[in-house]
Amino acid sequence: MREKLRQFMIGRYGTDGLNQFLSIASIVMLLISLITRVSLFTYVGMVLLILCYYRSLSRNISKRTEENYKFYTIKDRITGKANGLKDQWANRKLYHYYRCPQCRQKLRVPRGRGRIQISCPRCGTQFIKKS
Ligand SMILES: [Zn+2]
């Protein structure tokens, strides 16, 4: 039986980070559907589960690898943003955070210095803000 399964999985994609995420998300959706009895969550959970199986049994390995890569790119962007917001919240008593009006670069200035002129390190735009 084990040998048969191994034979069956030869040349197939198997599992990866995106599939782990999909299976966990589908379990969460199905649990929510059990609690709330909203059938939408059941459908979403089933679709995620089918997608997860489809990907792990797929023979198009390069396509699946590419999907996994995209998943990690998005995940990194989200965790990066979340960490940035966490830092901003932790330092809120020490610093003011502004965005450059020209290039949208996020800038950090120390609080309690009155009105100050800020120059953007990226594009050189100068603007006046209260610190
Ligand atoms: Zn700028």
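The domain assignment divides the protein chain of this predicted model into two parts. Domain 1 covers residues 2-90, and domain 2 covers residues 93-131. Their centres, taken over C-alpha atoms, lie 40 Å apart.

Part of domain 1 carries a UniProt annotation. An unreviewed entry records a "transmembrane region" over residues 21-54. In the model, this stretch is 94% helix and 0% strand. The C-alpha atoms at the ends of residues 21-54 are separated by 14 Å.

Domain 2 spans residues 93-131, and the zinc-binding cysteines carry numbers in that range. The zinc ion is coordinated by the SG atoms of C100, C103, C120 and C123, at 2.3 Å. Angles among the four donor atoms run from 107 to 112°, and the site is tetrahedral. For four tetrahedral donors, the ideal angle at a metal is 109.5 degrees. Along the sequence, the donor residues follow the spacing C-x2-C-x16-C-x2-C. The pair C100 and C120 links distant parts of the chain, 20 residues apart. C100 sits in the loop between β1 (95-99) and β2 (106-110). C120 sits in the loop between β3 (115-119) and β4 (126-130). Both of these cysteines, C100 and C120, are buried.

The strands that flank the loop of C120 also pair with each other. β3 and β4 run antiparallel and are joined by five bridges. R115 stands opposite K130 of β4. Together β3 and β4 form a hairpin, with six residues between the two strands. In the turn, G124 has a positive phi of about 80°.

Salt bridges were also examined. The count comes to five. Side chains of opposite charge can pair when their charged atoms come close. One of the salt bridges lies in helix α1 (residues 2-9), where R6 and E3 are three residues apart. Their side chains meet at 3.1 Å, N to O. The spacing of three residues in α1 means that R6 and E3 are separated by about one helical turn. R6 has a relative accessibility of 47%, so this residue counts as partly exposed. E3 is likewise partly exposed, because its relative accessible area is 43%.

Helix α4 (residues 61-90) holds E67 and R64, again three residues apart, about one turn of the helix. Their side chains form a salt bridge at 2.9 Å, N to O. What is the burial state of each partner? R64 has a relative accessibility of 6%, under the 20% limit, and therefore counts as buried. E67, at 26%, counts as partly exposed. Both residues also belong to a wider arrangement: D16, R55, R64 and E67 are linked in a network of salt bridges.

A further salt bridge in α4 joins the side chains of K70 and E66, at 3.7 Å, N to O. K70 and E66 are four residues apart in α4, so about one helical turn separates them. E66 has a relative accessible area of 44% and is therefore partly exposed.

Note on methods
Residues numbered from 1 in each chain as written. Predicted model: local features only at pLDDT ≥ 70, side-chain atom pairs only at ≥ 80, totals over all residues. Heavy atoms only, no water. Donors = N, O, S within 2.8 Å, 3.2 Å for Na, K, Ca; no water. Tetrahedral: all angles 85-135°; square planar, octahedral: opposite > 155°, others 65-115°. Buried < 20%, exposed > 50% of the residue type's maximum accessible area, 1.4 Å probe, protein only. Domains from an automatic or database assignment. UniProt positions renumbered as here; feature names shortened; annotations may be inferred. Salt bridge = Lys/Arg side-chain N within 4 Å of Asp/Glu carboxyl O. Pairing = 2+ DSSP bridges.
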